[in-house]
Amino acid sequence: MQHPDFELYDNAGRDAEQIAAARYGIATRDDLLRWAKRDAEPFLTEHPLPDEPLPSPDMAPYLDALAAAQSPAEVSAVTQHLLDAAEPVLRAVSDYLVAAALWGDRHRFAEQGSPPKLLMKAAGRSLSVLAIADEADLAVLRAEYDPAPAPPKTPASGRPRAPSGLPPNPPPAPRTGPASGR
């Protein structure tokens, strides 16, 4: 199949993706998007969508507060406010991606790596951003307010002692089986 936008063996002005696509007889990402946009024009005339991107949040207050923070508690307060503010937008994106995955019942019996499965994975990951950031914030707070106890020091005998108030560690189990023959 000859690439519709280039003469055979004419690499002038092509990028690596276009050269590889021509070699293997497949369309590039830009080709696919351009063709889909052309074919969707009548649909978009009936169902106009906004051309401008979703409004971007004003990050200045968060960045200013972060720069002024003096303690992990203050950093956490800023982080938690940002996560709370971002959650509705990320949830809306996730909900759309789930709806796109479910469109036309393509998700039924879909195999791993198929478009519906990838859309579902993307939906989950869009929300996992919040969970991972929250987990990191809580780890900082735990290190500040509830650090793990220091490991017990090992006595000269080489056997760790049990913490006070607990019974001593049991002695090592005797060896079983045949004795080594030397």
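This passage walks through a predicted model of one protein chain, from its overall build down to a few side-chain details.

Let's start with the big picture. The chain contains five helices and zero strands, so its layout by DSSP runs reads α-α-α-α-α from one end of the sequence to the other. Since the model is predicted, it helps to know how far the predictor trusts it. The average pLDDT over the chain is 81, and 75% of the residues reach at least 70. That confidence is not spread evenly: helix α3 (residues 60-68) has the highest mean, 95, while α1 has the lowest, 78.

Next comes the question of inside and outside. Out of the 182 residues in the chain, 13% are buried. The accessible surface adds up to about 15,100 Å², and carbon and sulfur atoms account for 61% of that. As for how the chain meets itself, take the contacts between residues at least 6 apart in sequence: 39% of these link residues at least 24 apart.

One bit of the surface stands out as a nonpolar patch. M59, L63, L66 and V75 make it up, and together they offer about 310 Å² of accessible area. V75 sits in helix α4, which covers residues 72-102. With a relative accessible area of 31%, V75 counts as partly exposed; patch members need over 30%, so V75 makes the cut.

Now for the charged side chains. Side chains of opposite charge can pair when their charged atoms come close. Searching the whole structure turns up four salt bridges, and three of them are described here, one by one.

The pair E87 and R91 has its closest N and O atoms 2.5 Å apart. Both residues belong to helix α4, and because they are four residues apart there, about one helical turn separates them. Neither partner is hidden away: E87 is partly exposed at 26% relative accessible area, and R91 is partly exposed too, at 40%.

A second salt bridge joins D39 to R38, with 3.0 Å between the closest N and O atoms. Here D39 is exposed, at 54% relative accessibility. R38, at 49%, is partly exposed, because the exposed class begins over 50%.

The third one links D146 and R142, whose closest N and O atoms are 3.1 Å apart. This time the arginine falls in the exposed class, with R142 at 51% relative accessible area. D146 is partly exposed, at 44%.

Finally, there is a polar pair tucked out of reach of the surface probe for the most part. T28 is found in the loop that runs between α1 (16-24) and α2 (29-46), and D31 is in helix α2 itself. The side chains of T28 and D31 make a polar contact with each other, at 3.0 Å. How accessible is T28, buried or exposed? Its relative accessibility is 2%, so T28 counts as buried. D31 comes out at 4%, so it is buried as well. In other words, this contact ties a buried loop residue to a buried residue of helix α2.

Definitions and conventions
Residues are numbered from 1 along each chain as its sequence is written. This is a predicted model: local features need pLDDT of at least 70, side-chain atom pairs count only at pLDDT 80 or more; totals for chains, interfaces and linings use all residues. Side-chain values use heavy atoms; hydrogens and water are left out. Patches are made of residues with over 30% relative accessible area and no salt bridge: like charges are joined within 9 Å, nonpolar side chains (Val, Leu, Ile, Met, Phe, Trp, Tyr) within 5 Å. Accessible areas come from the Shrake-Rupley method with a 1.4 Å probe; for residues, only the protein chains shown count as cover. A salt bridge is a side-chain nitrogen of Lys or Arg within 4 Å of a carboxyl oxygen of Asp or Glu. Helices (H or I, at least four residues) and strands (E, at least two) are DSSP runs, numbered from the N terminus. Buried means under 20% relative accessible area, exposed over 50%, partly exposed in between (1.4 Å probe, protein chains only). A polar contact is a pair of N or O atoms within 3.5 Å; within protein, one must be able to donate a hydrogen and the other to accept it, and residues adjacent in sequence count only if both atoms are side-chain atoms. pLDDT is the predictor's confidence in each residue, from 0 to 100. Contact means heavy atoms within 4.5 Å.
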